[in-house]
Amino acid sequence: LLGPSGGNWYAAQWVGEHIIFDAGLGDSTNLWRVAIAPQTWKVRGPAERLTTGTGREGSPSIAASGRMVFASSDQTIDLWSLPIDANRGKVTGELKRLTQDAAVETRPSISTDGRKLVFLSNKSGNPDVWLKDLETGKDTALTLTASRETHAIFSRDDARVAYVADGRAIHIVAASGGVAEKICDDCGLILAWSPDDRKIVFYSSDPIRWFTLDLATRERVEIIRHPKRVLHRVQYSPDGGWVSF
């Protein structure tokens, strides 16, 4: 069965001619009930939402009296920074929390000058690309769309941010904000910019293959694949002449 948002429905418990299950809707997971016709084993009518919490609700247990207990949890993920001496591999300062709210913030990419950070946050209802000024602490949304954005990364000159929408479409937006430009409809997930900011490295799965995308010509060139092994973390060399993984 497919849930309301396209995710899977997981049958949890039978109650008479109903199944109680948990399913995702937006960024929350709630408990639902659906009637099953005992003669045909087909769903009879639309699903009914039983709980409306904003977190994750699941694992229901129904008593003979009809009363139900279930688990409810909320998850927040924040971003932190830790100064280090990279040459010696030693921590040089205190751990600092950069975000602190009820949202899930992930995949940070810091600018070359160390003054700004782009990251993903669902504070607006679904994953969007946000920029944080590390000197002032101000957050600015670079995208506010119905798409699910991911893999946001600064260009080497810090002027632009590339990101992926809905799994495969690569977009670029100015770090100062503005209208994003779609540069590829069906590519994959971004991992790096070339040192001259003219190309982007991305990968596509099944099997995992790595490509470069020329931003001026939109030409895609496959650079590496392996028939058996998963290759990850492909990066340009500092001079842009080769890639490592």
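**Exercise 1. Describe the open sheet formed by 4 strands: its strand order, its pairing and its edges.**

Solution. In this predicted model, 4 strands make up an open sheet in the order 11-12-13-14, with antiparallel pairing; strands are DSSP runs of E of at least two residues, numbered from the N terminus, and two of them pair if DSSP finds at least two bridges between them. Next come the edges: strand 11 (105–110) and strand 14 (139–141) each have a single partner strand, so one side of each is left without a neighbour in the sheet. From one strand to the next, the twist averages 30 degrees, where axes are lines fitted to C-alpha atoms and angles run from 0 to 180 degrees between N-to-C directions. Finally, strand 13 (residues 128–133) runs antiparallel to strand 14 and is joined to strand 14 by 3 bridges, and Lys132 has Asp139 of strand 14 as its bridge partner.

**Exercise 2. Find the disulfide and characterise its geometry and burial.**

Solution. A search of the whole structure yields 1 disulfide (a pair of cysteine sulfur atoms within 2.5 Å). Cys184 and Cys187 form this disulfide, with their sulfur atoms 1.7 Å apart. The torsion about their S-S bond is about 90 degrees, and the disulfide is therefore right-handed. As for burial (under 20% relative accessible area, 1.4 Å probe, protein chains only), Cys184 is buried at 8%, and Cys187 is buried at 1%.

**Conventions.** Residues are numbered from 1 along each chain as its sequence is written. Local features need pLDDT (the predictor's confidence in each residue, from 0 to 100) of at least 70, side-chain atom pairs count only at pLDDT 80 or more, totals for chains, interfaces and linings use all residues, and side-chain values use heavy atoms, leaving out hydrogens and water.

Notes:
Buried < 20%, exposed > 50% of the residue type's maximum accessible area, 1.4 Å probe, protein only.
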